[in-house]
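Work through the exercises below with the sequence and the structure open. Try each task before you read its solution.

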Amino acid sequence: TVFLDGKRLGDYGPQLKQVTVPGGRHTVRFESPYCFPKDVDIDDGEPAGRLAARLRWKPARLTIKTDPDSADVLVDGSILRSGQQIDVTIPEQSDGKKIVSVEVSAAGFASKKLAVELRANDQRVQNVALDKRGEPQP
């Protein structure tokens, strides 16, 4: 969403390709549910031109819940407990997505590895149930 001096102009897109701004000092604000907001100031007397702003992605939040609860959890090399949240930084020069590697293990259970795709500002809970060693897999 794009705002001019606090007034909503509309959603970012072709309809806002060109905006007439009266003389004087103004602030253009860009907002997105996936990004941190960004304000761009236009100074009095600044010549007309293209206004560009790169918004920073909000991190995704991932929670891995395991069965058994005592399982060890590795997310991209960070050690976590079952149910503990981790913020995942989304690379600036990306499409707003990131794939993280998750590994879950516990004594007496077969380990599991999985790749989890996250989007900026996701609040994801991933359940992982381990199978006891020696038990048939369904």
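**Exercise 1.** In this predicted model, find the closest N and O atoms of the salt bridge between D39 and R29, and state which strands hold the two residues.

Solution.
- Step 1. The side chains of D39 and R29 form a salt bridge, and their closest N and O atoms are 2.9 Å apart.
- Step 2. D39 belongs to strand β4 and R29 to strand β3, so the pair ties together parts that lie 10 residues apart in sequence.
- Step 3. Buried means under 20% relative accessible area and exposed means over 50%. D39 has 44%, so D39 is partly exposed. R29 has 28%, so R29 is partly exposed too.
- Step 4. Now look at the backbone: the bridge partner of R29 in β4 is D39.

**Exercise 2.** Describe how β3 pairs with β4 and with β1.

Solution.
- Step 1. β3 and strand β4 (residues 35-42) run antiparallel and are joined by six bridges.
- Step 2. The two strands form a hairpin, with two residues between them.
- Step 3. Strand β1 (residues 2-4) also pairs with β3 in the antiparallel sense, over three bridges. Here L4 stands opposite V28 of β3.

**Exercise 3.** How many salt bridges does the model contain, and which parts of the chain does the pair R25 and D41 link?

Solution.
- Step 1. A side-chain nitrogen of Lys or Arg must lie within 4 Å of a carboxyl oxygen of Asp or Glu. By this rule the count is seven salt bridges.
- Step 2. One of them joins R25 and D41, with the closest N and O atoms 3.5 Å apart. This pair links distant parts of the chain: R25 is in the loop between β2 and β3, D41 is in strand β4, and they are 16 residues apart.
- Step 3. R25 is exposed, because its relative accessible area is 53%. D41, at 42%, is partly exposed.
- Step 4. R25 and D41 are also linked with D43 in a network of salt bridges.
- Step 5. Another salt bridge is formed by the side chains of E92 and R56, at 4.0 Å from N to O. E92 is in the loop between β8 (85-88) and β9, R56 is in the loop between β4 and β5 (60-67), and the two are 36 residues apart.
- Step 6. Both ends are partly exposed: E92 has a relative accessible area of 31%, and R56 has 47%.

**Exercise 4.** Is V73 buried or exposed? Is V19 partly exposed or buried?

Solution.
- Step 1. V73 lies in strand β6 (residues 72-75). Its relative accessible area is 1%, so V73 is buried.
- Step 2. V19 is in the loop between β2 (7-10) and β3 (26-32). Its value is 39%, so V19 is partly exposed.
- Step 3. V19 contributes, with L9 and V21, to a nonpolar surface patch of about 190 Å².

**Exercise 5.** Describe the hairpin of β9 and β10, then look for contacts of aromatic rings.

Solution.
- Step 1. Strand β9 (residues 97-105) pairs with strand β10 (residues 112-119) in the antiparallel sense, over eight bridges. K98 stands opposite L118 in β10.
- Step 2. Six residues lie between the two strands of this hairpin, and G108 in the turn has a positive phi of about 85°.
- Step 3. A search of the whole structure gives zero aromatic pairs.
- Step 4. R119 lies over the face of Y34, at 4.8 Å from the ring centre.

How values were computed: Residues are numbered from 1 along each chain as its sequence is written. This is a predicted model: local features need pLDDT of at least 70, side-chain atom pairs count only at pLDDT 80 or more; totals for chains, interfaces and linings use all residues. Side-chain values use heavy atoms; hydrogens and water are left out. Patches are made of residues with over 30% relative accessible area and no salt bridge: like charges are joined within 9 Å, nonpolar side chains (Val, Leu, Ile, Met, Phe, Trp, Tyr) within 5 Å. Accessible areas come from the Shrake-Rupley method with a 1.4 Å probe; for residues, only the protein chains shown count as cover. Helices (H or I, at least four residues) and strands (E, at least two) are DSSP runs, numbered from the N terminus. Buried means under 20% relative accessible area, exposed over 50%, partly exposed in between (1.4 Å probe, protein chains only). Two strands pair if DSSP finds at least two bridges between them. Rings of Phe, Tyr and Trp (its six-membered ring) pair if their centres lie within 6.5 Å; planes under 30 degrees apart count as stacked, over 60 as edge-to-face and the rest as tilted. A charge sits over a ring if NZ of Lys or CZ of Arg is within 6 Å of the ring centre and within 35 degrees of the ring normal.
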